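Let's take a walk through this structure together, starting with a sheet and ending at a pocket. Keep the 3D view open as you read.

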Amino acid sequence: MIRSRIAGCGSYLPERIVTNHELTQKIETTDEWIVQRTGIRQRHIAAEGELTSDLATHAAKKALEHARIEASALDAIIVATTTPDLTFPATATRVQANLGMTKGFAFDVQAVCSGFVYALTLADNFIRLNQAKNVMVIGAETFSRIIDWSDRTTSVLFGDGAGAIILQQSEGHGDKGDRGILSTHLHADGHHFNTLCTSGGPSSNRQVGTIQMQGQEVFKHAVRRLAEVVDEALAANHVAPHELDWLAPHQANKRIIDSLAEKLSMPPEKVIVTIDQHGNTSAASIPLALCQGVKDGRIQPGQLILIDAMGGGFTWGSALIRW
């Protein structure tokens with residue numbers, strides 16, 4: 001059976017760090033309030049002129065180095081982002097050019113915070129269908145560009161960053177002991193379109209817009225939908241929660257992460273949490289968390305990892321991966 005094995009990963013965070021204390025100088029809030037409600041202590045913000053493609057390219061180069069392959073070996077680049085460099089062309093094509101690639105294909109995926117899971121699913125399908133052997137999957141965001149910094153309910157939540165993984169075609173036996181992506185599960189419900197969105201777009205008012213969010217509604221749906229899609233992944237692979245080595249969820253809110261971990265009876269030390277240092281980096285948050293786990297030695301070959309995310313739309317999804 002053809003599997004998509006993770007051969008390498010890389011991450012990049014902008015140099016500038018904005019702490020909660022700095023935000024208290026601009027909006028009516030406190031460090032204690034932000035930490036208690038979200039778990040966030042700081043976030044990285046892209047420099048003036050630093051583009052989403054720049055962040056993505058840095059992460060991609062580190063992933064190539066980690067996988068010990070050249071960019072010329074890639075058959076495709078998929079970038080999950082809600083904050084592209086331009087309305088068109090795809091940010092992925094700029095990353096492709098930055099890496100010096102002249103073959104293969106490149107495109108963007110827009111599913112907001114679920115974008116990385118969506119992109120991972122597409123890459124896995126390309127590999128399973130034997131249409132590609134090496135695929136770069138990147139989550140990259142400059143969410144600071146669409147924040148209303150006077151809105152204390154959203155300005156404290158988001159940050160910028162990029163994470164990348166390289167999927168390589170490999171062979172497996174078709175059971176849960178295989179290394180690679182065991183299954184992916186995607187969902188959407190457009191009836192909640194306006195619950196988490198921006199105030200602009202090319203077709204509506206020709207503006208980029210800023211983030212608009214009904215926080216309580218988003219929280220309620222996230223807790224329920226993420227629990228459902230996690231159960232779906234476990235059931236599809238006949239895996240019990242105690243068999244998981246790591247939970248690497250989308251880093252949106254520490255309370256949502258804690259709720260999911262509690263449902264799975266997973267101790268805190270088996271949950272990879274980066275939200276305190278990164279904030280919510282949307283499509284970049286899961287690959288950033290995975291790369292952090294690899295970098296600090298927690299994630300080891302052969303371990304079983306569950307990822308999940310929910311984003312505006314609503315979109316949500318999960319994947320079960322044996323590293």
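In this predicted model, a good place to begin is an open sheet of four strands, which run in the order β8-β13-β12-β11 with mixed pairing. Its edge strands are β8 and β11 (246–247), each of which pairs on one side only. As a reminder, strands of a sheet pair through backbone hydrogen bonds, either parallel or antiparallel. For β8 and β13 the sense is antiparallel, and eight bridges join them. If you would like one pair to look for, find I181, whose bridge partner in β13 is I321. Packed on this sheet is helix α5 (residues 115–128), which touches β8, β12 and β13. The direction of α5 makes about 130 degrees with that of β8.

Now turn to helix α7, which covers residues 215–236. Its 22 residues should span 32 Å because each residue adds 1.5 Å, and the end C-alpha atoms, 31 Å apart, agree with this. Which residues of α7 are buried? They are V218, H221, A222, R225, L226, A227, V229, V230, A233 and L234. The cover over these buried residues includes strands β8 (180–188), β12 (304–311) and β13 (315–322), and also β9 (196–198), β10 (211–213) and helix α8 (254–263). After α7 comes H238, with a positive phi near 55 degrees.

Finally, look for the largest pocket, with a volume of about 1000 Å³. Of the 37 residues lining this pocket, T82, Q110, T198, G200 and V208 are the closest to its centre. Strand β9 gives the most to the lining, with three residues.

Technical notes. Residues are numbered from 1 along each chain as its sequence is written. This is a predicted model: local features need pLDDT of at least 70, side-chain atom pairs count only at pLDDT 80 or more; totals for chains, interfaces and linings use all residues. Side-chain values use heavy atoms; hydrogens and water are left out. Helices (H or I, at least four residues) and strands (E, at least two) are DSSP runs, numbered from the N terminus. The expected span of a helix is 1.5 Å times one less than its number of residues. Buried means under 20% relative accessible area, exposed over 50%, partly exposed in between (1.4 Å probe, protein chains only). Contact means heavy atoms within 4.5 Å. Two strands pair if DSSP finds at least two bridges between them. Axes are lines fitted to C-alpha atoms, for helices over the stretch in contact, and angles run from 0 to 180 degrees between N-to-C directions. On a 1 Å grid over the protein atoms alone, a cavity is a set of points where a 1.4 Å probe fits but cannot get out, and a pocket is an open set with protein on both sides within 12 Å along at least five of seven lines; lining residues have an atom within 4 Å of a point. Grid points are joined across faces, edges and corners, and a volume is the space filled by probe spheres set on the points.
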